[in-house]
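Reader: I have the sequence and the model open side by side, and I would love a close look at one part. Could you take me through the sheets, strand by strand, and the helices that go with them?

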Amino acid sequence: MRFLFLTWDGAGNQPPAIGIAQELSIRGHEVIFAGYASQRSRFEERGFAFRVLARSQAAFEGLAAAPRRTRLLGGVMVCPAQREDVLEVTARERADAILVDCLLFAALMAAEDAGAPAAMLVHSAPGALLHPDGFLERELLEPLNAMRVAVGRKPVARVRDAWARLPALCATIPQLDPLAREALPSFAYIGPVFERTPPSGWRTPWPSDDERPLVLVSFSTSEDWRQRSRIQRTLDGLAGRPYRVFVTTGKADVEGLAIPENAMLTPYAPHAEVLPHVSLTVTHAGHGTLSASLAHSIPVVCLPNSMSDQMTLAAHVETLGAGRALDGAAATADDIAMAVEEILADQSYAAAAQRLAELIAATPGRLNGASRLEALAGPRS
């Protein structure tokens, strides 16, 4: 069978799509991705064909002088040009089924009219991504309704109501969704989806007999967030303390950071290889890093950014007892150090993380996502 995945260049939204696509490929199916030009190399390096949505790309580039947030809202999430692109690419590729990223709202409308079975990938907890009090709800509702009315659709009372017409593969477990009880009937919680990565040969950079707890510091890889301050405050707070501090910096500007003797920095290390050695993660609370840590029974200290799903996820994980949620912008080095010390000293946090790990293990997202898409596409011809 042939599947078409519609995507965009965020951070945590792409690995779940890739993970499901990898499983479909293992099962003998073909997967084609379509999205923005900056994504091409990422998908082609993983062996997938990639199509650029030309009109959408032009709309995004037309906002080049605008702030990044404006470019994402007008050139990606609520981008009328996307509709024609998607109708064109779906007609040309003749896919048996289509999977659309949940934040591509014009693509979602187009998929409803494309003639092939379609589903939506919600790459985080739905109730965190579109919380009624959240940033995206405030910023998207008005332009979304304007776009809907322009193509003859009724306006929606809430942004998430635009999700109601397609079945949704939610790449999380309901326990990580603060609004799971309010989930739309179309929602299926398939479990967190992790991308398969080839072994990197990663080894802990400390001697094998060093028994100090390993603290992973992992903030967003997205260019939308400036993580330098969070990294430096964490390094300052954990300096001289009896921990090994391993920092994955992503695209953050780290030139000139003050790095203590007990810390080491690297741009990237695969979670699957690092996390089995970790005692605690300090993170921005993006769903990918959060769910990967919890899948390994690791409690977290959260320093969320102010947009997207992070603040809601951080608060919810604290409610679940598996971590602490701090003010990402204002938490001091001492605040971070005290939260780390508290969690490592109190085994209830690790126990709560272990309970979530068991639920995640029982809900294999990659397998569930692929099976649901196979069922959506129907039997092989």
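Author: Happy to. In this predicted model, let's start with an open sheet of 6 strands, ordered β10-β9-β8-β11-β12-β13, where the pairing is parallel. Its edge strands are β10 (263-266) and β13 (323-325), and each of these pairs on one side only. From one strand to the next, the twist averages 15°.

Inside this sheet, look at β8 (residues 214-218) and β9 (residues 244-248), which pair in the parallel sense over 5 bridges. If you want a residue pair to find on screen, pick L216, whose bridge partner in β9 is F246.

Now add the helices. Helix α9 (residues 228-238) lies across β8, β9, β10 and β11 (280-283), and it runs at about 175° to β9. Helix α11 (residues 287-295) also packs on the sheet, where it touches β8, β11 and β12 (300-302). The direction of α11 makes about 175° with that of β11.

From α11 we can step on to helix α14 (residues 347-361), because the buried residues of α14 pack against α11, β13 and α13 (333-345). Those buried residues are Y349, A352, A353, L356, A357 and I360. They cover an arc of only 145° around the axis, so they sit on the same side of α14. A general rule helps here: an α-helix has 3.6 residues a turn, so residues three or four places apart point the same way. On the other side of α14, Q347 and A361 are exposed. As for its length, α14 has 15 residues and reaches 21 Å from its first C-alpha to its last, close to the 21 Å expected at 1.5 Å a residue.

Let's move to the other sheet. Here 7 strands form an open sheet in the order β3-β2-β1-β4-β5-β6-β7, and the pairing is again parallel. At the edges stand β3 and β7 (187-189); each has a single partner strand, so one side of each is left without a neighbour in the sheet. The twist in this sheet averages 25° from one strand to the next.

A good place to begin is β1 (2-6). Of its 5 residues, 4 are buried, so β1 is largely enclosed by the rest of the structure. β1 pairs with β2 in the parallel sense over 5 bridges, and it pairs with β4 (97-101), also in the parallel sense, over 4 bridges. You can pick out a residue for each pairing: L6 has A34 as its bridge partner in β2, while F3 has A97 as its bridge partner in β4.

Going outward from β1, β2 (residues 30-35) and β3 (residues 49-52) pair in the parallel sense over 4 bridges. Within β3, F50 is the bridge partner of F33, and R51 is the bridge partner of A34. A34 is therefore bridged to L6 of β1 as well as to R51 of β3. In a regular strand the side chains alternate between the two faces of the sheet.

How are these strands connected? β1, α1 and β2 make a right-handed β-α-β unit, and β2, helix α2 (residues 40-45) and β3 make a right-handed one too.

Helix α1 (residues 14-26) holds P15, which is partly exposed, with a relative accessible area of 21%. Leaving out residues up to four places away in sequence, P15 touches R42, V193 and E195. P15 and L313 are 298 residues apart in sequence, and their C-alpha atoms are 18 Å apart in space.

Two more helices complete the tour. In helix α3 (residues 54-61), S56, Q57 and F60 are buried. Seen down the axis of α3, these fall within an arc of 100°, so they line one face of the helix. What covers them includes β3, α4 (68-77) and α5 (81-93). Helix α15 (residues 365-377), finally, lies across β1, β4, β5 (118-122), β6 (168-170) and β7, and it runs at about 130° to β4.

Conventions:
Residues are numbered from 1 along each chain as its sequence is written. This is a predicted model: local features need pLDDT of at least 70, side-chain atom pairs count only at pLDDT 80 or more; totals for chains, interfaces and linings use all residues. Side-chain values use heavy atoms; hydrogens and water are left out. Two strands pair if DSSP finds at least two bridges between them. Helices (H or I, at least four residues) and strands (E, at least two) are DSSP runs, numbered from the N terminus. Axes are lines fitted to C-alpha atoms, for helices over the stretch in contact, and angles run from 0 to 180 degrees between N-to-C directions. Contact means heavy atoms within 4.5 Å. A crossover is right-handed if, with the strands pointing away from the viewer, the path from the first strand over the helix to the second runs clockwise. The expected span of a helix is 1.5 Å times one less than its number of residues. Buried means under 20% relative accessible area, exposed over 50%, partly exposed in between (1.4 Å probe, protein chains only). The arc is that of the directions from the helix axis to the C-beta atoms.
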